[in-house]
Amino acid sequence: MDKVNKMDKIVMPVGYENFEEVRRSGRYYVDKTEILYELVQNEGNKVTLFTRPRRFGKTLTMRMMESFFALGRDSRELFQGLSVMRHEQFCREWMNQFPVIFVTFKDVAHLTFSQAYGCLRAMIADVCKEFAFLEKSDRVNEADRMIFHNLMFECGNETHVENSLKILTRMLWSHFKKPVILFIDEYDVPAAEAQEHGYYKEMLMVIRNMFCAALKTNDYLKFAVVTGCLRISKESIFTGVNHFVSYSVLDDEFCDSFGFTEKEAEELLQQGGLIKHAGQMKEWYDGYMFGSREIYCPWDVVSYVSKLLKNPGSRPKNYWVNTSSNSIIRSFINHQEWNVNDKFEILLNGGTMIQHVSDELTYDQLHDSEDNLWSVLLMTGYLTKTMRLPPGENLTEIKIPNQEIMGIFRQSVTAWFYDSLDMGKARELIQAFWAGEADRTAELISDFLFETISYYDYHEDFYHAFLAGILKAGGCLADSNREQGLGRTDIAVRDRKNRRAAVIEIKRAKSREAMEHACMEGMEQILTKEYGKGLTQEYRCVLYYGMAFFQKTCRAAVMEIKRQPCL
């Protein structure tokens with residue numbers, strides 16, 4: 001923990017990705033500066049790629065690196081008290097000693113290639129504007145100066161754009177007579193967006209040419225660090241780049257450089273006087289296994305602590321879901337030919353699976369095999385590995401990491417089921433339901449259960465939500481847990497047009513043989529607690545349904561209460 005930031009009331013850096021802003025504003029900073037020393041002194045790679053899920057602090061760490069190395073800045077005060085300052089000789093040799101280029105590809109995204117390419121040109125122009133002094137430098141090559149001018153005003157041709165980072169490193173070297181450090185953040189966003197919108201080959205060619213020019217045999221480059229969510233195969237983007245090393249969530253090296261360790265998360269809670277929330281924090285936001293270290297998602301931790309500081313009674317919630325469309329889960333479920341429903345049920349009920357995974361993929365092949373998509377879910381943080389399976393043959397035991405991601409899966413699965421609901425069968429169910437055909441109603445509900453992906457290990461809450469959702473999808477007005485008679489009924493259904501209503505009490509049976517008794521138990525509860533009392537005074541016909549569920553089978557008993565004949 002950064003001793004400088006110990007204050008009476010800590011201030012969380014929610015939404016802050018600029019290291020210098022965080023430090024100057026006195027916001028809480030979890031010290032990740034040891035990566036600087038490890039990267040240069042222990043590894044010494046020419047090109048390093050870090051892949052981590054979104055919202056794990058990649059940009060903040062890259063901005064921290066920029067601040068440390070960048071020539072022309074005085075960063076000693078910003079790093080005072082942080083881990084890297086213990087390496088005095090290293091700091092003297094490297095702190096603020098090299099020209100640095102920081103470029104992010106996060107906004108190079110659009111619906112068409114021409115629009116995305118325009119975003120790329122604008123991004124390059126912004127980078128050039130940060131070094132506008134080079135246009136007037138008498139140390140740079142005249143031809144480079146002309147290209148630089150065109151790039152800065154978004155007039156450069158495709159060749160200029162593809163060579164822009166190489167040209168900029170050469171100009172900085174000419175001006176300062178020092179090699180350049182290059183940071184490329186979110187490098188895979190253009191490829192991901194291009195694949196989604198159908199212009200992958202065109203964008204891949206541009207990015208590949210740009211990276212090869214900047215990273216392959218670039219004599220003006222000291223070293224480069226690249227970050228993203230997925231490692232795109234070397235043959236696709238990093239072709240011919242020598243001394244290229246990649247570190248993913250599977251690797252032990254730098255495993256705690258992104259995200260918070262349990263010690264760091266608990267120290268944060270301790271500083272805020274919130275240590276009693278450690279259990280909730282762990283259940284919701286821990287569980288990611290990077291290398292051999294268990295890691296918390298920093299975005300979630302910071303967001304939740306910020307809430308707790310304002311309202312100590314705040315409950316954990318899903319902060320990660322709003323940072324992406326989570327479409328990868330939906331695309332996975334839609335591949336019904338892979339028959340992944342059973343595997344999803346295992347995961348949704350807290351189980352694990354053993355799968356072939358790879359940390360080297362290409363975006364245009366993500367949907368080519370089931371193994372590829374499991375790999376994507378692992379690399380992007382929707383799944384995590386366990387430590388029970390020894391390495392070998394790319395086999396990895398995987399699971400859902402925590403309650404937050406479990407909620408994302410459940411929402412995605414629920415949305416998929418209702419979007420793909422057979423409306424003809426749903427209408428048939430509603431017709432049988434109002435006709436009081438208990439056996440046919442139970443049969444159709446069982447059919448729907450076999451078509452969906454179940455979770456909660458078939459608890460009553462699952463059946464309750466499942467049935468209410470189908471009834472609503474079929475056009476019924478269904479209320480859950482509404483006060484009725486002497487208690488709260490599971491589901492009350494109203495059909496005002498036809499002056500009819502229904503009360504449903506759901507029971508989970510312990511075996512198939514116990515289902516009939518469970519139905520009668522539900523019916524007895526409706527009668528004893530007078531759930532239909534108000535409805536029988538208002539509606540001409542009220543149906544009492546006792547429903548029992550065992551795994552994916554439903555059984556129903558019905559009683560009809562008439563004030564007048566049903567319409």
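Asparagine 372 lies in helix 17 of this predicted model. The residue is buried, with a relative accessible area of 18%. Leaving out residues up to four places away in sequence, asparagine 372 touches Leu361, Gln365 and Leu366. The protein as a whole holds 23 helices and 16 strands, and 55% of its 567 residues count as buried.

**Overall architecture**

- Taken along the principal axes, the C-alpha atoms fill a box of roughly 100 × 55 × 45 Å.
- Of the contacts between residues at least 6 apart in sequence, 71% join residues at least 24 apart.
- The protein exposes about 24,700 Å², and carbon and sulfur atoms supply 46% of that area.
- The protein carries 69 positive and 79 negative charges, and the mean positions of these two sets are 4 Å apart.

**Helix 17 and its link to helix 16**

- Helix 17 spans residues 370–379 and contains glutamate 370; asparagine 372 lies in this helix as well.
- The side chain of glutamate 370 meets that of lysine 343 in a salt bridge, at 2.5 Å from N to O.
- Lysine 343 belongs to helix 16 (residues 341–348), so the salt bridge ties together parts that are 27 residues apart in sequence.
- Glutamate 370 has a relative accessibility of 15% and therefore counts as buried, the cut-off being under 20%.
- Its partner, lysine 343, counts as partly exposed at 24% relative accessibility.

**Other salt bridges**

- The structure holds 25 salt bridges.
- One of the pairs is lysine 282 with glutamate 294, whose closest N and O atoms are 3.4 Å apart.
- This pair links distant parts of the chain, with lysine 282 in helix 13 (residues 278–285) and glutamate 294 in strand 8 (residues 293–296), 12 residues apart.
- Both ends of the pair are partly exposed: lysine 282 has a relative accessibility of 33%, and glutamate 294 one of 34%.
- A salt bridge also joins the side chains of lysine 533 and glutamate 530, with an N to O distance of 3.9 Å.
- Lysine 533 counts as partly exposed at 48% relative accessibility, as does glutamate 530 at 34%.
- A network of salt bridges links Glu20, Arg24, Arg63, Glu66 and Arg73.

**Positive surface patch**

- Lys9, Lys307, Lys310 and Lys317 gather on the surface in a patch of positive charge.
- Within this patch, lysine 9 comes from the segment before helix 1 (19–24).
- Lysine 9 has a relative accessible area of 56% and is therefore exposed, the cut-off being over 50%.

**Helix 9 and histidine 175**

- Histidine 175 is found in helix 9, which covers residues 164–176.
- With a relative accessible area of 17%, histidine 175 falls under the 20% cut-off and is therefore buried.
- Apart from neighbours within four places in sequence, histidine 175 is in contact with Phe133, Leu134, Ser137 and Arg139.

**Helix 10 and its surroundings**

- In helix 10 (residues 189–197), the buried residues are Val189, Pro190, Ala191 and Ala194.
- Helix 11 (200–215) is included in what covers these buried residues.
- Just after helix 10, glycine 198 takes a positive phi of about 90 degrees.

**Strand 14 and arginine 500**

- Arginine 500 lies in strand 14, which covers residues 500–508.
- Despite its charge, counted as positive, arginine 500 is buried at 19% relative accessibility.
- Arginine 500 and histidine 335 are separated by 165 residues in sequence and by 41 Å in space, C-alpha to C-alpha.

Methods. Residues are numbered from 1 along each chain as its sequence is written. This is a predicted model: local features need pLDDT of at least 70, side-chain atom pairs count only at pLDDT 80 or more; totals for chains, interfaces and linings use all residues. Side-chain values use heavy atoms; hydrogens and water are left out. Helices (H or I, at least four residues) and strands (E, at least two) are DSSP runs, numbered from the N terminus. Buried means under 20% relative accessible area, exposed over 50%, partly exposed in between (1.4 Å probe, protein chains only). Contact means heavy atoms within 4.5 Å. A salt bridge is a side-chain nitrogen of Lys or Arg within 4 Å of a carboxyl oxygen of Asp or Glu. Patches are made of residues with over 30% relative accessible area and no salt bridge: like charges are joined within 9 Å, nonpolar side chains (Val, Leu, Ile, Met, Phe, Trp, Tyr) within 5 Å. Accessible areas come from the Shrake-Rupley method with a 1.4 Å probe; for residues, only the protein chains shown count as cover. The place of a charge is taken as NZ of Lys, CZ of Arg, CG of Asp or CD of Glu.
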